[in-house]
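Work through the exercises below with the model open beside you. Try each task before reading its solution.

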Amino acid sequence: MTTNIKPKTVFTGDNLPIMRGINSESVDLIYLDPPFNSKTNYAAPIGSAAAGAEFKDTWTLSDVDNAWLDLIETKYPALNRVIHAAMTNSDKSYLIYMAVRLLEMHRILKDTGAIYLHCDTTMSHYLKLVMDAVFGKGNFRNEVIWHYYNVASTSRKFIGRKHDTIFFYAKSDATSFNWDSMREPYSSDSNWVKASGSYGDARYSPNEKGKLMHDVWRIPTINNMAKERTGYPTQKPLTLLAHIIKASSNEGDVVLDPFCGCATTCVAADRLQRDWIGIDISEKAAELVVERIKTDQGLFQEIIARTDIPKRTDLGDIPRYNAPENKTQLYGEQSGDCNGCGTHFQKQHLEVDHIIAKEVGGTDHIKNLQLLCSNCNRIKGERGQEYLISRLNKIEI
Ligand SMILES: C[S@@+](CC[C@H](N)C(=O)[O-])C[C@H]1O[C@@H](n2cnc3c(N)ncnc32)[C@H](O)[C@@H]1O
């Protein structure tokens, strides 16, 4: 499937409706570094290139659009069970927020593609379950530990926390991995290693490409004097992204970062001759993407900055939302029950309705459709599913 987004595009906006506008199976690699549910609100220091950038990382049920919950409850029972394993409403809200986005990422990733989800111990144990439910447990490849050894630890209550976790999943068995690219320089304290991976015998001379890496990556965080530092809160090192991009994509492939911040993924992808798409909700982020790429690669780089929701071009032949075949399929999936009040009806008394409204990127695809009885459909009217659910008191907000 070809992409409907031009290379080197940065979108400003919520990544959910924007991803809903990207063609299915059109992206080769996704790296995401979302908010971690850290209960912290981040702001860049005044005077830095990123000054003005900020984002919140605290979560309550009021952040949850009930339409998301409804989509998960109706269409993804395994995912629904995982989300309900969360211990607090804040954790649950965060997981619902992440789950709807990961479902879109699964849809837009090619069958040969790979996804890397960056998180930390705050939510990593829940996020792995969510990833298993969305991408399939069998597609899990690695839990990469990014060990940022250069950060001082101040706590006297626990062992110094100096790592983030990156979950690597393949989309399918067709996903390949450039294992030979995973190399780092030999350091004075390391044993020499051959490309075959054998250790500790000095009869071998070191491979000139470097030492094969394992799943613990020792990469320092960006220090105050580093050239690549923008001051953007939570900026990640370019080396980290270069490893991921080299391992799981090839020149000309499409790399997407739906939480791109100050463009670390975009800059690394650009340097490695990959096409890239960045999305961030912060206006400052888009400014930094353009500025950083132009400084890095030259003023004549053509970067497209967009704020609209793209239109999919791969939906050509799907039936109209209220086509009889959709109704028959949905009647079977819902066992003849209305998706609002839950009452059982004969097919002719149920009406096909969009779960996610078309204005916010919802499509006529069967995954975005439900059957409602005429009473529930009338209550809902042109409003979103959240209005209907709150009227029916299905969830407290
Ligand atoms: C942890 S930071 C990413 C940092 C990035 N990896 C870098 O190196 O600069 C998370 C980013 O997610 C963005 N964000 C939060 N919610 C978002 C949403 N719904 N859609 C798009 N971006 C979002 C924030 O503005 C923030 O820039």
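**Exercise 1: Helix 6**

Eight of the 11 residues of helix 6 (residues 238–248) are buried, so the rest of the structure largely encloses this helix. A residue is buried if 20 or more other C-beta atoms lie within 10 Å of its own, exposed if 12 or fewer, and partly exposed in between, with C-beta atoms placed from the backbone. Helices (H or I, at least four residues) and strands (E, at least two) are DSSP runs, numbered from the N terminus.

This is a predicted model: local features need pLDDT of at least 70, side-chain atom pairs count only at pLDDT 80 or more, and totals for chains, interfaces and linings use all residues. Residues are numbered from 1 along each chain as its sequence is written.

Task: Which residues of helix 6 are buried, and what do they pack against?

Solution.
- Step 1. List the buried residues: Leu-238, Leu-240, Leu-241, His-243, Ile-244, Ile-245, Ala-247 and Ser-248.
- Step 2. Find their partners among the strands: strand 2 (27–32), strand 5 (109–119), strand 6 (140–147), strand 10 (216–218) and strand 11 (254–257).
- Step 3. Add helix 7 (264–271), which the buried residues of helix 6 also pack against. Two residues are in contact if their C-beta atoms, placed from the backbone, lie within 7 Å.

**Exercise 2: The whole chain**

Task: How many helices and strands does the protein chain have, and what is its radius of gyration?

Solution.
- Step 1. Count the elements: 11 helices and 15 strands.
- Step 2. Take the radius of gyration, 23 Å; the globule rule gives 21 Å for 397 residues, which is close, so the chain is as compact as a globular protein of that length. The radius is taken over C-alpha atoms, and the rule is 2.2 Å times the number of residues to the power 0.38.
- Step 3. Check the extent: the C-alpha trace spans about 80 × 50 × 45 Å along its principal axes.
- Step 4. Check burial: 39% of the 397 residues count as buried.

**Exercise 3: Two domains**

Task: Where do the domains lie, and which helix gives the most to the side of domain 1 that touches domain 2?

Solution.
- Step 1. Set the bounds: domain 1 is 9–181 + 219–306, and domain 2 is 324–391. Such bounds come from an automatic or database domain assignment.
- Step 2. Place the C-alpha centres of the two domains 32 Å apart.
- Step 3. Count the contacting residues: 10 in domain 1 and 12 in domain 2.
- Step 4. Name the suppliers: helix 1 (15–20) and helix 2 (66–75) each give at least two residues to the side of domain 1 that touches domain 2. Helix 2 gives the most, with six residues.
- Step 5. Look at burial in helix 2: seven of its 10 residues are buried, so the rest of the structure largely encloses it. Among the buried residues are Trp-68 and Asp-70.

**Exercise 4: Strand 14**

Task: Is strand 14 largely enclosed or open, and how does it run relative to strand 15?

Solution.
- Step 1. Four of the five residues of strand 14 (residues 350–354) are buried, so it is largely enclosed by the rest of the structure.
- Step 2. Strand 14 and strand 15 (residues 369–373) run antiparallel, joined by five bridges. Two strands pair if DSSP finds at least two bridges between them.
- Step 3. Locate one opposing pair: Leu-350 faces Cys-373 of strand 15.

**Exercise 5: Ala-202**

Task: Is Ala-202 buried or exposed?

Solution.
- Step 1. Find Ala-202 in the loop between strand 8 (183–184) and strand 9 (211–212).
- Step 2. Ala-202 has 8 C-beta neighbours inside 10 Å, so it counts as exposed.
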